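Let's walk through this fold one piece at a time. Keep the viewer open and follow along.

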Amino acid sequence: DSFGVALTVKTESKKPKVFLEGLVKDVLKASQKITACLTKLLKDDKEEVLGVTLAGKISWYWKDDDGKFVAFDLKDNLQIERLYHTKSSKPHKIKLKGNSAKIDFVANAVTYVKKKTTQTIRR
């Protein structure tokens, strides 16, 4: 989208202020886009904090080719733990490190769809 808006940020006080100037319709569009970006950033920050907090208490691991258990990263750990609490006995679809997978808590396994590989998991 293209629109003509002047954006000014004033940081003199403890509470920075953002000013938008331009045609009403352009200012409204810009305001909506800025709000959407800030909302996403806040959500991502909240997820990261939650992931770090959870990882200090609960960690999920996958078994590598050498038979060693390796911890999932914070984001994946949080996703897995949320699915675990659904208490469903059916496999769940999930994205782990950007790869489509199915996680089965009954079998304690994750199967990567494209690679067609299965790894043991544990909590």
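Before we get to the sheet, one bit of vocabulary: two strands count as paired if DSSP finds at least two bridges between them. Also keep in mind that what you're looking at is a predicted model.

With that in hand, start with the sheet. Six strands make up an open sheet, in the order E4-E3-E8-E7-E6-E5, and the pairing is antiparallel. At the edges stand strand E4 (69-71) and strand E5 (92-96); each has a single partner strand, so one side of each is left without a neighbour in the sheet. Going from one strand to the next, the twist averages 35 degrees.

Now step through some of the pairings. Strand E3 (residues 61-63) pairs with E8 in the antiparallel sense, over two bridges. If you want a place to anchor your view there, Tyr61 stands opposite Arg122 in E8. From E8, move over to E7: these two also pair in the antiparallel sense, this time over four bridges, and Tyr112 stands opposite Thr117 in E8. E7 and E8 form a hairpin with four residues between them, and Lys116 in the turn has a positive phi of about 55 degrees.

Keep going and you reach another hairpin. Strand E6 (residues 99-104) and strand E7 (residues 109-112) run antiparallel and are joined by four bridges. Lys102 has Thr111 in E7 as its bridge partner. Which residue in the turn between E6 and E7 has a positive phi? That's Asn108, at about 50 degrees, in a hairpin with four residues between the strands. While you're looking at side chains here, remember that in a regular strand they alternate between the two faces of the sheet.

Next up is helix H2. At its start, a side-chain oxygen of Asp73 reaches to within 3.3 Å of the backbone nitrogen of Lys75. The buried residues of H2 are Asp76, Asn77, Leu78, Ile80, Glu81 and Leu83. Glu81 deserves a stop of its own, so how many salt bridges does the structure hold? Just one, and Glu81 forms it with Arg123, with the closest N and O atoms 2.7 Å apart. This pair links distant parts of the chain: Glu81 sits in helix H2 (residues 74-84), while Arg123 is in the segment after strand E8 (117-122), 42 residues apart. Are the two partners buried or exposed? Glu81 counts as buried because its relative accessibility is 4%, under the 20% cut-off. Arg123, on the other hand, counts as partly exposed because its relative accessibility is 44%.

Then there's helix H1 (residues 24-55), where you'll find Lys29. With a relative accessible area of 38%, Lys29 is partly exposed. To get a feel for distances in this part of the model, take Lys29 and Glu47: they are 18 residues apart along the chain, and their C-alpha atoms are separated by 27 Å.

Finally, head back towards the beginning of the chain numbering and look at the surface. Leu7, Val9 and Val18 make a nonpolar surface patch of about 270 Å². One of these, Val9, is found in strand E1 (residues 5-10). Val9 counts as partly exposed because its relative accessibility is 47%.

Terms used:
Residues numbered from 1 in each chain as written. Predicted model: local features only at pLDDT ≥ 70, side-chain atom pairs only at ≥ 80, totals over all residues. Heavy atoms only, no water. Patch = residues over 30% accessible without salt bridge, like charges linked within 9 Å, V, L, I, M, F, W, Y side chains within 5 Å. Areas by Shrake-Rupley, 256 points an atom, 1.4 Å probe, with all protein chains shown as cover. Salt bridge = Lys/Arg side-chain N within 4 Å of Asp/Glu carboxyl O. Buried < 20%, exposed > 50% of the residue type's maximum accessible area, 1.4 Å probe, protein only. Polar contact = N/O pair within 3.5 Å; in protein donor to acceptor, adjacent residues only side chain to side chain. Axes fitted to C-alpha atoms, helices over the stretch in contact; angles between N-to-C directions.
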